Amino acid sequence: MTLDEAATLAARLRAEGRRIVLANGCFDLLHVGHVRYLRAARRLGDVLFVGINSDAAVARLKGPGRPLMPALERAELVASLRDVDHVVVFDDDTADRLVASLKPHVHAKGTDYTAESVPEVATVRAVGGKVAVVGDAKDHSTQGLISRIVERFR
């Protein structure tokens, strides 16, 4: 869905008393760390929105050769997970605009962050939300998978 559609839906859900959680990331090569992160995020509320960085944003954030898959395919994969209710592709390097638009009760980030190091922490607080660090230890990464694949096929 678009950011405007997501914001409208989030406002309606909030008015119905539903607790909204927002998670975000590149999800360039879906792995078990992503699944565990999203599952833990979903437990924090009633509705989980997931923001996925656009192709241009992933290229800026991750560098040459990324993303591996286009945003619409990454969104389709993430949307297919039972813990995910709604997916929004966004073009910014941070999720500040997404947070400001959706006004989640909780903004969930992975364990590679602390509550204070989350880039959107000020925006989350400004909309009355809280930051939660969730998921398993950062033992899985897309870059790690890419490296293992490259090594295997050398």
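**Notebook: strands, a ring pair and Leu9**

I began with the pairing of strands E4 and E5: E4 covers residues 106-109, E5 covers residues 130-133, and 4 bridges join the two in parallel. The model is a predicted one, and I read everything below with that in mind.

I then looked up individual partners across this pairing. Ala108 stands opposite Ala132 in E5, and the bridge partner of Lys109 is Val133, also in E5. To see what links the two strands, I followed the chain from E4 to E5. Helix H6, residues 121-126, forms a β-α-β unit with E4 and E5, and the unit is right-handed.

Next I checked the pairing of E4 with E1. These strands also run parallel, joined by 3 bridges. Leu22 has His107 of E4 opposite it.

Which residues of E4 are buried on each side? I found Val106 and Ala108 buried on one side, and His107 and Lys109 buried on the other, so both faces of the strand are covered. I noted the general rule beside this: side chains in a regular strand alternate between the two faces of the sheet.

**Whole chain**

I stepped back to the overall layout. The chain has 7 helices and 5 strands. Read from the N terminus, the order is α-β-α-β-α-α-β-α-β-α-β-α.

For overall dimensions, I compared the radius of gyration with the globule rule. A compact globule of 154 residues would be near 15 Å, and the chain has 15 Å, so the two agree. The box filled by the C-alpha atoms, taken along the principal axes, is roughly 55 × 30 × 30 Å.

I also noted burial and surface. Buried residues make up 44% of the 154 in the chain. The accessible surface is about 8,000 Å², and carbon and sulfur atoms hold 53% of that. Among contacts with a separation of 6 or more, 73% are between residues 24 or more positions apart.

**Aromatic rings**

I searched for aromatic pairs and the count came to 1. The pair is Phe27 with Tyr37; the ring centres are 6.4 Å apart and the planes are at 15°, which is under the 30 degrees cut-off, so I entered the pair as stacked.

Where do the two residues lie? Phe27 is in the loop between strand E1 (20-25) and helix H2 (32-42), while Tyr37 is in helix H2, so the pair ties together parts 10 residues apart in sequence.

I then asked whether each residue is buried or exposed. Phe27 has a relative accessible area of 3% and is buried. Tyr37 has 8% relative accessibility and counts as buried too.

**Leu9**

My last entry concerns Leu9, which is found in helix H1, residues 3-15. Its relative accessibility is 14%; the cut-off for buried is under 20%, so Leu9 counts as buried.

What is Leu9 in contact with, leaving aside neighbours within four places in sequence? I listed Met1, Phe49 and His86. I also looked up the spacing between Leu9 and Leu102. These residues are 93 residues apart along the chain, and 8.5 Å separates their C-alpha atoms.

Methods: Residues numbered from 1 in each chain as written. Predicted model: local features only at pLDDT ≥ 70, side-chain atom pairs only at ≥ 80, totals over all residues. Heavy atoms only, no water. Pairing = 2+ DSSP bridges. Helix = DSSP H or I, 4+ residues; strand = E, 2+ residues; numbered from the N terminus. Right-handed = clockwise from strand over helix to strand, strands pointing away. Rg over C-alpha atoms; globule rule 2.2 N^0.38 Å. Buried < 20%, exposed > 50% of the residue type's maximum accessible area, 1.4 Å probe, protein only. Contact = heavy atoms within 4.5 Å. Areas by Shrake-Rupley, 256 points an atom, 1.4 Å probe, with all protein chains shown as cover. Phe/Tyr/Trp six-rings, centres within 6.5 Å; stacked < 30°, edge-to-face > 60°.
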